[in-house]
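Me: I have this model open and would like a close look at a single part of it. Please pick a spot, describe its surroundings, and then work outwards to the rest of the chain and its partner.

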Amino acid sequence: MALAQASLNAPDRELERFRFRVALAGVAVVAAFALLLARFFHLQVVQHEYYTTRAEDNRISLVPIVPSRGVIVDRRGTVLARNYSAYTLEITPSKVDDLEATIEGLGRVIDVQPKDRKRFRKLLEESKTFESLPIRTRLSEEEVARFAANRYLFPGVEVKARLFRHYPLGPVASHAIGYISRINKRDLEMIDDNGQTANYKGSEHIGKTGIEQSYEFDLHGEAGYEQVEIDAGGRAIRSLARTPPVQGNNLTLTLDVKLQEIAEKVFGDRRGALVAIEPSTGGILALVSTPTFDPNLFVDGIRSDDWDALNNSPDKPMLNRALNGAYPPGSTFKPFMALAALETGKRTPGQAISDPGYFNFGGHQFRDDKKGGHGSVDMHKSIVHSCDTYYYTLANDMGIDSIARFMATLGFGQETGIDLEGESEGVLPSPEWKKRRFKRPEQQKWFAGETISIGIGQGYNAYTPIQLALATAVVANNGIMFRPHLVKYITDSRTGEKTMIEPEPLRVLPWKQSHVETIKRAMVGVNTHGTGTRAFAGAGYVAAGKTGTAQVFSLKGGDYKASRVKKELRDHALYIAFAPADKPQIALAVLVENGGFGAQSAAPIARMVFDYYLLGKLPKGVAEEDEAEED
Amino acid sequence: MSEDVLHRLWRRLVEHLDGPLLLITGALMLVGLTTVYSATYDASNRLIAQSLNMTVGLAAMWIAAQIPPQKLMRFGVPLYVIGVILLILVFVFGVKVNGARRWLSIGFTRVQPSELLKIAVPLMLAWYFHKHEAVLKFRHFVGAGVLLLVPFVLIAKQPDLGTAILVGAAGFYVIFFAGLPWQVIAGLGVAAASAAPFAWTMLRDYQRKRILTLIDPTSDPLGAGYHIIQSTIAMGSGGTFGKGWLEGTQTHLEFIPERHTDFIFAVFSEERGLLGNAFLVLLYLLLIARGLVIAANASTLFARVMAGSITLSFFTYAFVNMGMVSGILPVVGVPLPFMSYGGTALVTLSIGIGILMSIRTHRMLVRK
């Protein structure tokens, strides 16, 4: 009723206005449709002849040509990833009536293993049916000939020449180089997001991890296309014109693959990581994570048993420990703590404490390694002999906020910005972090007692080996931090022009030079008359270092005896170092999971890496092996 | 007696339907079915699926037609609020498909909330103007503008330019018919023209590419230009009379991409020629004419602006789609009403027709 009245009472003028607009809209619609009809007339009458010819020419189809992927070499030109051409036997499922029968039949002509079938079935699940999928890769010439003779029996099956990726060194540096594998749906979205859809038409592989992933668009190249005449059934008859593809750009790494290989060898079957950085540029010399895996397994689609073996191994070979493992730094944290003490004015180098072998705080006794203590300890001695009590008191004096603030400037608890994807942040403990990390209010509170063990690199401290290596490099480089990177330059495949990845100074820390010198001297002391003495006895250069042992398992009371503890609960061994001490060319962090004492298992690895890098000396075991190979 | 029951049942069934609208929609659907058949018969036939879609569409149309405008008005606010909330959820939790975040996963299936807004936005705005009818001030137009802009921006950000344009247009038509002052319209026109260079920088790479390829499709023959090159060849080679049903070479050699969905007009045009196109345009013109007549004779402000907006929305769909296929508008994802394959759009469009019918047939009741 109310509505009716409203409309009846509505002024006629209002309705007239509305109707005027409706009429106007009608005119606009007619005009727009007239425009469309004019366009149709133009296309279908005026240009009809032209388009008829085009439609006939449209027996011409554009076939994309996949560019050859860029090659990856190390700093000396050793090839790490390359391509080779091989024949594959491929099936287009949508063109085949009975897939099982076809595969069965193929098996009578050429060798098709059960593993080939398994892989094919896996690919089938992941792809669209009109894609052609390989049932066999790397056919021999003879097999190609045999199939060609029987081709008429297998509609929808073709032999294709394809480029394959090959990693000549196999498992060496696989965590840095990464691997390519078939493009999946997620990759397609990424390609689309980057506006590369047209360029990837025809491409089947994409970088999944490592350099292959992070430099995907440099390595891929530009697709070309071929104009192919097709018959009424849509089959290609002959090629008419060709726009060649542009090969992907080549990458030259800062990595020294010989160094990498040696480092991986000296790890043996131990789990761990090593990151070696050139302090003056940030270039990564070695990025080790053991155990490694063979990236060649992934290229044609990994077999399921290989995948299960990699995935289910308790040693987690697919985990890049250098970037994604977070470990307490243990005593390798002490030089940084000492630097913090000097920079914040909490300690002077000469200021000494008396170490009774423990530090009491809040009714809890924090014990030192050495029973009875180190006696009178100044800063130099605290690093050389790795005195815990010195750092318990220091951490207590500095307070957690001050520690966290200083350590953040060294890059702890942040991504280092290395040119690989998926780097972990680790944990730089602070009251703010605790608030974010825990949900329950009673867990969120920071206790002063928790600060004490932070001082010796334990507690909530958890950093990635690359963070530790970077911080070491920054100290070696007197406070100038360069972004760690693996790629030295990119070579344009067309022009040959080299684009250098310039050393990028991330930050310049305004440390007092005398403070840095104090720390460096003490770190040299570690290797001459401290915990690293044995590992560096007789080295032909001066190396600065610091050993560390990180607790995996906290023993309540009682002494830690490695032999009594299960292997996976044994301490992690750590070592950080740079050399030569006066003009550092290499800085590194070594971590051996469950390796026990840093001095025993991590420092010798660093020694061998330095020996090779600085003196060209091969470690004993490796040298023998190399000779054996030559025989 | 049974005849009497049948008669009453029949009356009940057709009571709120509008003959001319039903006739035109039916004709469009039939043309659409034959074209979908031609576009898909050599791959995976969609004829049955599309028939089912149309059945569902017709049912939705009938139901929409039963709801009197006064009742329909009440859906405005809740539908709009739900729609905007869903859009925000899409923004946060949405599933990415082909690089755009448009879908919301609800366990067993995925929904595309932006579709809902095609109805909810005009409904909301029409309700809004109706509520303030007696005291309509300039600030109400500003308010309506904000109500329109929120979902528009959320959809454009997904990014889904096609749907954003449709929702934006539907909302703008409501504001226009509600009496947006001509000075403002002129001002908006000037502002839009001067903001064009700025908007250019806001577009995504692929959207820019689509506009550039409009000027020179050959610049990207494997990518965005491919659609336009192939669809204009299809149309042009169709000539005046067309190549005949099922005879289109462009179609059947699979040169036309998305040929059963957004580019179905290329298939139709190749096989039916200019005469077919003229007939199709005439059908749309008749549909729009009928819609505008319904709007002009509607009895309340709500009904008027709603009918006007829905009708012009049909125009937008048809014009943008045919313009895109014939190469005078950039490629955006807008289906051709009642022709393109796909259930969602079909149901939305059918509900639109249903609302028009309701406005038409409930007019008398209100007058009484």
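Reply: Happy to. A residue is buried if 20 or more other C-beta atoms, placed from the backbone, lie within 10 Å of its own, exposed if 12 or fewer, and partly exposed in between. This is a predicted model, in which local features need pLDDT of at least 70 and side-chain atom pairs count only at pLDDT 80 or more, while totals for chains, interfaces and linings use all residues. Residues are numbered from 1 along each chain as its sequence is written, and chains are lettered from A and ligands numbered from 1 in the order in which they are written.

Let's start at L336(B), which counts as buried because 25 other C-beta atoms lie within 10 Å. L336(B) sits in the loop that joins α13 to α14 (343-361) of chain B; helices (H or I, at least four residues) and strands (E, at least two) are DSSP runs numbered from the N terminus. In sequence, F265(B) is 71 residues from L336(B), yet their C-alpha atoms are 7.4 Å apart. Beyond neighbours within four places in sequence, L336(B) is in contact with I264(B), F265(B), Y317(B), A318(B), N321(B) and M322(B); contact means C-beta atoms, placed from the backbone, within 7 Å.

M322(B) takes us across to chain A, since this residue is part of the side of α13(B) that meets helix α2 (residues 12-46) of chain A. Also on the α13(B) side are R304(B), G308(B), L312(B), F315(B), F319(B) and G323(B), while α2(A) brings F18(A), V22(A), A25(A), V29(A), A32(A) and L36(A). This contact holds ten nonpolar, two polar and one charged residues (Ala, Val, Leu, Ile, Met, Phe, Trp, Tyr, Cys and Pro are nonpolar, Asp, Glu, Lys and Arg charged, and the others, Gly among them, polar). The two helices pack at about 10 degrees, with axes 11 Å apart; axes are lines fitted to C-alpha atoms, for helices over the stretch in contact, and angles run from 0 to 180 degrees between N-to-C directions. α2(A) and α13(B) are therefore roughly parallel (under 35 degrees; over 145 is roughly antiparallel, 65 to 115 roughly perpendicular, the rest oblique).

Across the whole contact between the chains, chain B contributes 49 residues and chain A 40 residues. α7 (161-177), α9 (205-215), α10 (224-238), α11 (249-252), α12 (264-297) and α13 (301-325) of chain B each supply at least two residues to its side, with α12(B) giving the most, eleven. By class, the chain B side has 24 nonpolar, 20 polar and five charged residues.

On the other end of our loop, α14(B) has a partner within its own chain. α5(B) and α14(B) pack at about 10 degrees with axes 10 Å apart, and are therefore roughly parallel to each other. Here E115(B), K118(B) and I119(B) of α5(B) meet T344(B), T348(B) and I351(B) of α14(B), which gives two nonpolar, two polar and two charged residues.

α5 (114-131) is also, with α4 and α7 of chain B, what the buried residues of α6(B) pack against. Those buried residues are A144(B), L148(B), P151(B), F152(B), L154(B) and I155(B). In α4(B), the buried residues include L72(B), M73(B), Y80(B) and L87(B).

Stepping back, chain B has 15 helices and three strands, and 50% of its 368 residues count as buried. Of its contacts with a separation of 6 or more, 70% link residues 24 or more positions apart.

Methods: Contact = placed C-beta atoms within 7 Å.
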